[in-house]
Amino acid sequence: MQTAPAKSPHKRQVIFFAMLLFLWETDSEAIRYSMPEETESGYSVANLAKDLGLRVEELATRGARIHHKGSKQLLQLDVKTGNLLLQEKLDREVLCGATEPCILHFQLLLKNPVQLFQVDVQLTDVNDHSPEFLEREMILRIPESAQPGTVFPLKSAQDLDMGSNSVQNYTISPNSNFRVVTHSHGDGRKYPELVLEKALDREEESELSLTLTALDGGVTPRSGIMTVYIEVVDINDNAPKFLQSLYEVQVPENSPINSLVLVVSAQDLDAGTYGSVSYTLFQGNEVSQPFVIDQITGEIHLQRALDFEATKHYIVEVVATDSGGFSGKCTVAIEVVDVNDNAPELTMSTLSSSIPENSPETVVAIFSVSDPDSGDNGRMVCSIEEDLPFLLKPTFKNFYTLVTEGPLDRESRAQYNITITVTDMGIPRLETEHSITVFVSDVNDNAPAFSQTSYKLLVHENNSPALHIGSVSATDRDSGTNAQITYSLLPTQDPHLPLASLVSINADNGQLFALRSLDFEALQAFEFRVGATDQGSPALSSQALVRVVVMDENDNSPFVLYPMQNASGPCTELVPRAAEQGYLVTKVVAVDGDSGQNAWLSYQLVKATEPGLFGVWAHNGEVRTARLLSERDAARHRLVVLVKDNGEPPLSASVTLHVLLVDGFSQPYLPLPEVAPERSQGDSLTVYLVIALASVSSLFLFSVLVFVVVRLCRRRRAAPLGVFSMPEGHFPGHLVDVSGTGTLSQSYQYEVCLTSDSGTSDFKFLKPIFHNVSPKSAREATH
């Protein structure tokens, strides 16, 4: 241990042994140590970890730290060894003043979990101050008539040390007339009195000079001196006497300057100048008294503001002296009354500015409160706003912890401004507010949410590749990376849907693109699911259904089903000349691969061998006679029918019909070469004659065949499927089956029947096939 050079070896030995001792208090609330003041910094007070039963490694892992009220850090904890080290040299007189014992209060604060230990260090006094008189000299006027045994007050010396190290004895230089007697106040303080041993003779010695020495009780005593000048005055029979030897008064600490504290009074039985009394103050237990006395009236006034927290009691000695030099003394005990003039103080020890959401009860802050006032003025109540999800919990003496009441939700509230209010119980009540801001950090507890559960996207067919067809959008209530969303296409459950070659999605913004050109006739609509996944850990995701509807474009021309244009020979329609106006010659049947109005077909006769003889119904393609036939009409006609859809722009197809006028159905029909419209009328008459001769010769046979055919067709209509059939060998059929696409609402079968006599003679029978359709649908099909 290092000591000051001025200290003797014996003194160093005493301090060394004092430093080796520490006091372990059995009180469960605190552990107490003792050490002498003026100990050099770096001194190890004790191994705190061992005394508290803690493992040394716990100190670092649990964030151990020493908390002390005040701006200076007096002690330091070595977390590697557990030793409690002295941060700087301590001066008991500076830290505690006249307070005895001098105890410094510390707290050992452990976090994770929170735990507090009270540590008290008592500073024992070292005799490092000498007694000191406030004045270098004093004057006593003593009448020569004073009798031996008369006592005269002397001024006391001040010593900042306490206990045995304070002033213990007074001595005076050798003199045959006086001796000094040391007395004690009730609080243990020593004061001197001068006692007259032998009567004075002014004529022999009018003045005396004495040296008053004050000695403390240290191992090596320290001393202070003052010179006492004694002036021997003429006789004075009576000394002043106070009405009471002890005055007690209470003064509020907020009393104004110059306010009256007390009036003391002393009487002197002498008359004249010897009976007049003047008052003076002797110093008390303070270096500088906050009081002043009127020398004539004895009124004691306040000359400096009082502070209860600094000094609670004053002992003032008042001396009344007459003009003859006799004096009397009284004691004034002044008690300073506390008023509530100090607001509570809050010292923050630990503060967590950010806490994760969804966490259970979490410690946000640890703080201590104090109020230097006393009684109700020093009792405090802590509170926070009631509408906050936080609680204040008292932990140890005036320590509190601020904890969360339960899990927090950042999406509901991400920041809390908490005001801690500390209020004392005095009148009027004083309060201190301390505001802290607590941020709730995000936890990935919210999955991305799509703006819609399902999306419907429309795209026209024949689109260009990489066309932007729409977007999906999702939001995430979390923040940071927890809210960063990545979009993706989810695997489809339909193995026949090549989703990867149809669409793609931008992973950053959810935009959807068609990878290739779509064909309405191949794919009218398809569905798939998209996923939105955040970047949290663990990642959360959600799904949405996307339905892509391909809208039709007019990209298909009408297709003629009947008459077939790719047949090996033209199909000729036979019309009897006896047919009436409106006779159904045939029906042009066409379909369109498009839908909607793009598939609405209309029929138009654009070219005819003989205009005005035939007409086409625009909506159903039926070719009928426009008037009665006559013998003058040509036997063979060529009609061109245009089939046009309703698209924009419209597309069309044309079909050529060959119509043969016959007088009856009994004559065999022989194909004739194409007759150009410009051939002569003589050639036409020759043809008519040949046809007439053939018809007459086979009229009977043809009638029989027609009868058989009609009966068979009726039976065919009565069949469950409504398909017309002909006997084999007579009318071999060529069937064309058209499913219900385009403009046809039902399935149709067309049968081309040829006679056994000629490969070119044909009869057409058209009949729709209804597969369990409603009457309404059947009516629509017939129209």
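1. A good place to start reading this predicted model is Phe-106, which, leaving aside residues up to four places away in sequence, touches Ile-66, His-67, His-68, Leu-74, Leu-75, Phe-117, Gln-118, Val-119, Asp-120 and Val-121. Phe-106 is also among the residues with the most contacts inside the largest nonpolar core, together with Leu-48, Leu-108 and Val-119, and that core has 29 residues. At least two residues of this core come from each of several elements, including strand E1 (30–36), helix H2 (48–52), strand E6 (102–110) and strand E7 (115–124), while the largest share, 5 residues, is supplied by E6. In soluble globular proteins, nonpolar side chains tend to be buried together.

2. A second core, separate from the one just described, has 26 residues, and Leu-497, Ala-514, Phe-526 and Val-530 are included in it.

3. For the chain as a whole, the secondary structure amounts to 8 helices and 52 strands, and of its 783 residues 43% are buried. If one takes the contacts with a separation of 6 or more, 65% of them are between residues 24 or more positions apart. The chain exposes about 40,900 Å², of which carbon and sulfur atoms supply 53%.

4. Confidence deserves attention before any detail is discussed. The mean pLDDT of the chain is 80, and 81% of the residues reach 70 or more, but over residues 1–28 the pLDDT is below 50, although this stretch has 36 contacts in the model beyond near neighbours in sequence. Residues 666–682 likewise stay under 50 in pLDDT, and for them the model has 29 contacts beyond four places in sequence. Where pLDDT is low, the predicted coordinates should not be read in detail.

5. One sheet that can be followed strand by strand is the open, antiparallel one formed by 3 strands in the order E17-E21-E20. Strand E17 (260–263) and strand E20 (291–293) are at its edges and have a single partner strand each, so one side of each is left without a neighbour in the sheet. Neighbouring strands here are turned by 25 degrees against each other on average, with direction ignored. E20 and strand E21 (residues 299–302) run antiparallel and are joined by 3 bridges, and within this pairing Val-292 stands opposite His-301 in E21.

6. Asn-165 shows that a loop residue may be covered: it lies in the loop between strand E9 (151–153) and strand E10 (167–172), yet at 10% relative accessibility it counts as buried, because the cut-off for that word is under 20%. Beyond four places in sequence, Asn-165 touches Asp-125, Val-126, Asn-127, Asp-159, Asp-216, Gly-217 and Gly-218.

7. Some backbone angles should be checked by eye, since most residues other than glycine have a negative phi, and most peptide bonds are trans. A cis peptide bond joins Ile-427 and Pro-428, with omega about -5 degrees, and Pro-428 lies in the loop between strand E30 (415–424) and strand E31 (431–441). The bond from Glu-648 to Pro-649 is cis as well, with omega near 0 degrees, and Pro-649 is in the loop between strand E48 (636–644) and strand E49 (652–662).

8. Two asparagines have a positive phi. Asn-258, with phi near 70 degrees, lies in the loop between strand E16 (246–252) and E17 and is exposed, its relative accessible area being 59%. Asn-462 has a phi of about 65 degrees, is found in the loop between strand E33 (454–460) and strand E34 (467–471), and is partly exposed at 42% relative accessible area.

Notes:
Residues numbered from 1 in each chain as written. Heavy atoms only, no water. Core = buried A, V, L, I, M, F, W, Y, C linked by side-chain atoms within 4.5 Å. Buried < 20%, exposed > 50% of the residue type's maximum accessible area, 1.4 Å probe, protein only. Helix = DSSP H or I, 4+ residues; strand = E, 2+ residues; numbered from the N terminus. Contact = heavy atoms within 4.5 Å. Areas by Shrake-Rupley, 256 points an atom, 1.4 Å probe, with all protein chains shown as cover. pLDDT = per-residue confidence, 0-100. Pairing = 2+ DSSP bridges. Axes fitted to C-alpha atoms, helices over the stretch in contact; angles between N-to-C directions.
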